[in-house]
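Thanks for sending this one over. Here are my notes, set out as numbered points so that you can follow them with the model open beside you.

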Amino acid sequence: MTPDAPLLETVRQWLAAARQVAVLTGAGVSAESGVPTFRDAQTGFWARYRPEDMATEQGFRAQPALVWRWYQHRRAMLQGVQPNAGHHALAAYARQHPGRLTLITQNVDGLHQRAGSPGVLCLHGDLMADRFLDPPRPCCHPDTVEAGEPPHCPRCGNLLRPGVVWFGEALPLPVLDAAQQAARTCQLMLVVGTAGAVYPAAGLAHLARAGGARVAIVNPQASELDGVAHAVLRGTAAAVLPLLLAPAA
Ligand code: OAD
């Protein structure tokens, strides 16, 4: 599915005219790499699991082994996937236009970084990182944890948890600040592959619009941000981003 050519050309013109471009990505940008999204019916994680069980501190404390195994499964899955044409198009654009594009992602899969995008603002953390669940005591060292599900400090039992942001938790403040600044000051925001259901990430599109930027969406389905956008490009990230971001012929 590719969007109609005149609309694509209009967004390309907005892009050419923009001094600063902000891009907000979500799980959909990695779908064509084989990473499941969260909210797609049938295939999304939240069709099979309850977010309150798998993506909250309370859920982890209630069933640490179950939740740890789910994150280990997601980590293992990442070993077998590669960035797709959408990730590569964003990285190539940043290389060709240094300092012009700020890439903000809700994804924790590292695929933008693996494609070579510089300075990615990761709002929801990093799936491959660990940290301690409770504030680390002097005995807590990531290097000396005892194996287990989850691994834990052998002295005090403090559990390791994945370094992602769970529901009810604050986003990393410097990252959110930088993302909000980019949203407020850009002339074009591209919103790619997100349902737009989770805040404060989705609020970045509202901030961009309020700051006078054009907002364009790339998504094969309707999203909760369609009403904020000046243009909705109906198509997948791997199909549309290369067309949108390729240098003019
Ligand atoms: P969702 O799963 O909520 O939404 C994925 C979006 O991607 C949907 O709008 C799909 O239509 C779209 N999509 C599917 N395939 C696509 C493709 N090939 N190209 C472009 N778009 C496609 O994922 P997010 O909006 O990223 O948070 O979810 C936001 C947050 O909710 C996640 O970061 C995660 C989740 O719970 C936490 O875990 C804290």
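**Notes on the predicted model**

1. Let me begin with Thr 10, which has its place in helix α1. Please keep in mind throughout that this is a predicted model. Thr 10 counts as partly exposed because its relative accessibility is 29%, a value between the 20% limit for buried and the 50% limit for exposed. Its C-alpha lies 41 Å from that of Pro 162, and 152 residues separate Thr 10 and Pro 162 in sequence.

2. A word on the overall build. The chain holds 9 helices and 8 strands. Its C-alpha trace spans about 60 × 35 × 30 Å along the principal axes. Does the radius of gyration agree or disagree with that of a compact globule? It agrees: the chain has 19 Å, and a compact globule of 249 residues would have a value near 18 Å.

3. Next, contacts and burial across the chain. Of the contacts between residues at least 6 apart in sequence, 67% join residues at least 24 apart. Buried residues account for 48% of the 249.

4. On surface and charge, the accessible surface is about 11500 Å², and carbon and sulfur atoms contribute 55% of that. There are 20 positive and 18 negative side chains, with 5 Å between the centres of the two sets.

5. Helix α9 is a good place to look at packing. Within this helix, residues 237–245, the buried positions are Ala 237, Ala 238, Val 240, Leu 241, Leu 244 and Leu 245. An α-helix has 3.6 residues a turn, so residues three or four places apart point the same way. What do the buried residues of α9 pack against? Their partners are the helices α1 (5–17) and α5 (85–96), together with the strands β6 (188–192), β7 (214–218) and β8 (231–233).

6. Thr 37 sits in a loop, the one between β1 (21–25) and α2 (51–54). Is Thr 37 buried or exposed? Thr 37 counts as buried, because its relative accessibility is 8% and the cut-off is 20%. Its side chain makes a polar contact of 2.5 Å with the side chain of Asp 40. Leaving out residues up to four places away in sequence, Thr 37 touches Ala 27, Gly 28, Ala 31, Thr 43, Gly 44 and Phe 45.

7. Thr 105 belongs to strand β2, residues 101–105. With a relative accessibility of 1%, Thr 105 counts as buried. Beyond its neighbours up to four places away in sequence, Thr 105 touches Thr 25, His 112, Val 120, Leu 121, Cys 122, Leu 123 and His 124.

8. Arg 75 deserves a look too. This residue is found in helix α4, which covers residues 64–79. At 8% relative accessibility, Arg 75 counts as buried. What lies 2.7 Å from a polar atom of the Arg 75 side chain? The backbone oxygen of Leu 127 does. Leu 127 is also among the residues in contact with Arg 75, leaving aside neighbours within four places in sequence; the others are Trp 68, Met 128, Ala 129, Asp 130, Pro 162 and Gly 163.

9. Finally, one distance to check on your side: the C-alpha atoms of Arg 75 and Asp 109 are separated by 8.3 Å, with the two residues 34 apart along the chain.

Definitions and conventions
Residues are numbered from 1 along each chain as its sequence is written. This is a predicted model: local features need pLDDT of at least 70, side-chain atom pairs count only at pLDDT 80 or more; totals for chains, interfaces and linings use all residues. Side-chain values use heavy atoms; hydrogens and water are left out. Helices (H or I, at least four residues) and strands (E, at least two) are DSSP runs, numbered from the N terminus. The radius of gyration is taken over C-alpha atoms; the globule rule is 2.2 Å times the number of residues to the power 0.38. Buried means under 20% relative accessible area, exposed over 50%, partly exposed in between (1.4 Å probe, protein chains only). Contact means heavy atoms within 4.5 Å. Accessible areas come from the Shrake-Rupley method with a 1.4 Å probe; for residues, only the protein chains shown count as cover. Lys and Arg count as positive and Asp and Glu as negative; His and the chain ends are not counted. The place of a charge is taken as NZ of Lys, CZ of Arg, CG of Asp or CD of Glu. A polar contact is a pair of N or O atoms within 3.5 Å; within protein, one must be able to donate a hydrogen and the other to accept it, and residues adjacent in sequence count only if both atoms are side-chain atoms.
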